[in-house]
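Student: Could you take a close look at one part of this structure with me, and explain each term as you use it? I would like one connected answer that I can follow step by step.

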There are 2 protein chains.
Amino acid sequence: MKIAILSVTEPAKDLALEIQEKLLKNPRIIKCNVFHKNVRKNMEFAFNNYDGIIAIMATGIIVRMIAPLIQSKDKDPAILTIDEKGNYVVSLLSGHLGGGNQLCSYIAKLINSKPVISTSTDVNFKYGIDSLAYKNFYKIIDVKKILPFNKAILDNVPLQISSDKDLKFLTKYFSNSTFTKLPDKRLGELSTINFKFSKDDEEYSIDLYEKKLVIGIGSRRGKTKNNILIAIDEVLNNLKIPISRVNSIATISIKKDEHGIIQACTELNKKLEIIDIDEVRNFHHEDCSKSDFVYNKFGIDGVCEQCAMISVGPNGKLIHKKIAMDGVTVAVAISND
Amino acid sequence: MKIAILSVTEPAKDLALEIQEKLLKNPRIIKCNVFHKNVRKNMEFAFNNYDGIIAIMATGIIVRMIAPLIQSKDKDPAILTIDEKGNYVVSLLSGHLGGGNQLCSYIAKLINSKPVISTSTDVNFKYGIDSLAYKNFYKIIDVKKILPFNKAILDNVPLQISSDKDLKFLTKYFSNSTFTKLPDKRLGELSTINFKFSKDDEEYSIDLYEKKLVIGIGSRRGKTKNNILIAIDEVLNNLKIPISRVNSIATISIKKDEHGIIQACTELNKKLEIIDIDEVRNFHHEDCSKSDFVYNKFGIDGVCEQCAMISVGPNGKLIHKKIAMDGVTVAVAISND
């Protein structure tokens, strides 16, 4: 997530810097910038360039500033507001599909504040279909279908869930739901989940489509399968997703014969995508970190973030930045659609 | 205050009805309606016809709905949002000039919830110049001047306060402030308060203009001065304003010789405005209550609310509805500008 923190007063700026420092330790936060003063200009810039905006100022100012910028719940960034004393963190906009509620709880914990979340499903401790999509990196094309499903979930209406992946565990989250396993798709192919329910003789159906989720891997020579698996496990833990959610693993052509990487992919039953070094050489993205050491040696910005980003295609985004663990680097990206 | 409560879900509707029932017991609440479902249509109607909107639904819905309706902080209604469980009451818009923060604290108390208020002055337990204006029924013409004053108040910059009324008590609210009493205006004439401060060789000045505030009085024959004074005291208490804030007292021509009313005005040093019964007969306002008894006897809707409203002029509004105390009725109205 790319996060902009906006402040106006000096105490707000201090709080902004405190949050920034803490957020930057989280590998899921790809970028975090503090913008002080010039709220109108900065809000417009942040609205169009960040996934999450934390505005530390009076809610009224924020509502007035974002009013002309708002588009729709599947496009707008998550917006949180915090008073300058940090008493409350309010999830203002895009709480579900934009991940605002999740960010709200997280920030409140970081600064010992209280999260104020108002969506019906959350205040009733239910799992909204759009929260599920956000947390697991699925997209919903017809966002108008979300509301009847979340209403049905609130009313404990039985849901029929089906997918080509084994997602039986989802039945835990939805009362009286059943799961049907559909035939497997081919390795690396994107999966869907379908939810259905009937009410008053009408049938409702909604599809959640996987975004392509790729783990990019770099490795020093001779790293073992276990070294690779431990690093992968770390990012899955951070992202709170199971290995089944991963669509493929990508590395660079000069590492295509690394036994550790190959064996890890075999063990995990994941497709290994080999990205040609020339493609990596031509790939530059402002969200990806650059290593002088790697650049001087191979003429490329880096390996794991770049391979993951190339694999997911244009407009994809990093959801876990590079971490290095005992000679292995890993990062995760998802496709835009 | 005229309040609209909007709900979408059934639990929200229950909470809306609970709040409505409690609010209607407050004589400062002139009107309170619950609107269920059809949020877009109802929000637009409420935005243009009520002083306060309490929306019991996800904050994201509300922000999206009000975005195209927002005008400016001196025109928009106060907007509060509450989750359907009533965990938090958030002051979303027009917290100061629109009275949102005050309403927020009040509603939170009514339903045992927590008020979420984010304006800098309030979170620092300071009194914003616009809160002062709202609570005491002053208007500020140049709203852009508010911000530097509230910043100065936060920074404990000394303020010079002056007024033709004795408002020395204001110095309690603003650190290091001084008060200068200017010559009295004529009886019933509207007063102003001026605030000044200097910073970095620049002088700042802002004026707060009294709206005309009138107590309308009706009385059975022979009611004593004390009966009248007790009723007036009750409304001043409810409105949390001193008698000095009252610009005049109004009654109907058929009561112009009531000793109790005349003596009370003399004791309080207030101008008594006599409204001709024909004018009252032609006055009808949807916010004013109608008494069948009075209508059958005098051909008028009522006395105290009508006299107060006529006295403050077109577009004025009731700020305290009729209460009856031992044969005396009182109500309070303020002018629009």
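Tutor: Chain B can be laid on chain A by a turn of 180° and a shift of 0.0 Å along the axis, with an RMSD of 0.0 Å, where the fit is by least squares on the C-alpha atoms of residues with pLDDT of at least 70 in both copies. The two copies are thus related as by a two-fold rotation axis, and Ala67(B) is the residue of chain B that comes closest to this axis, its C-alpha lying at 2.1 Å. Of the interface residues of chain B, 100% are also interface residues in chain A, so the copies meet through the same surface; contact means heavy atoms within 4.5 Å.

This is a predicted model, in which local features need pLDDT of at least 70 and side-chain atom pairs count only at pLDDT 80 or more, while totals for chains, interfaces and linings use all residues. Residues are numbered from 1 along each chain as its sequence is written, chains are lettered from A and ligands numbered from 1 in the order in which they are written, and side-chain values use heavy atoms, without hydrogens and water.

Within chain A, let us look closely at helix 8, residues 225-239 (helices, H or I with at least four residues, and strands, E with at least two, are DSSP runs numbered from the N terminus). At 1.5 Å a residue, its 15 residues should span 21 Å, and its end C-alpha atoms are indeed 21 Å apart, which agrees; the expected span is 1.5 Å times one less than the number of residues. Several residues of helix 8 of chain A are buried, among them Asn227(A), Ile228(A), Ala231(A), Ile232(A), Val235(A) and Leu239(A) (buried is under 20% relative accessible area, exposed over 50% and partly exposed in between, with a 1.4 Å probe and protein chains only). An α-helix has 3.6 residues a turn, so residues three or four places apart point the same way. The cover over the buried residues of helix 8 of chain A includes helix 9 (259-268), strand 12 (213-219), strand 13 (248-252), strand 15 (317-325) and strand 16 (328-334) of chain A. Just after helix 8 of chain A comes Lys240(A), whose phi is positive, near 55°.

Chain B also has residues with positive phi: Asp326(B), with phi near 55°, is found in the loop between strand 15 (317-325) and strand 16 (328-334) of chain B, and at 56% relative accessibility it counts as exposed. Asn176(B), with phi near 60°, lies in the loop between strand 8 (160-163) and strand 9 (178-181) of chain B, and Asn176(B) is exposed, with a relative accessible area of 54%.
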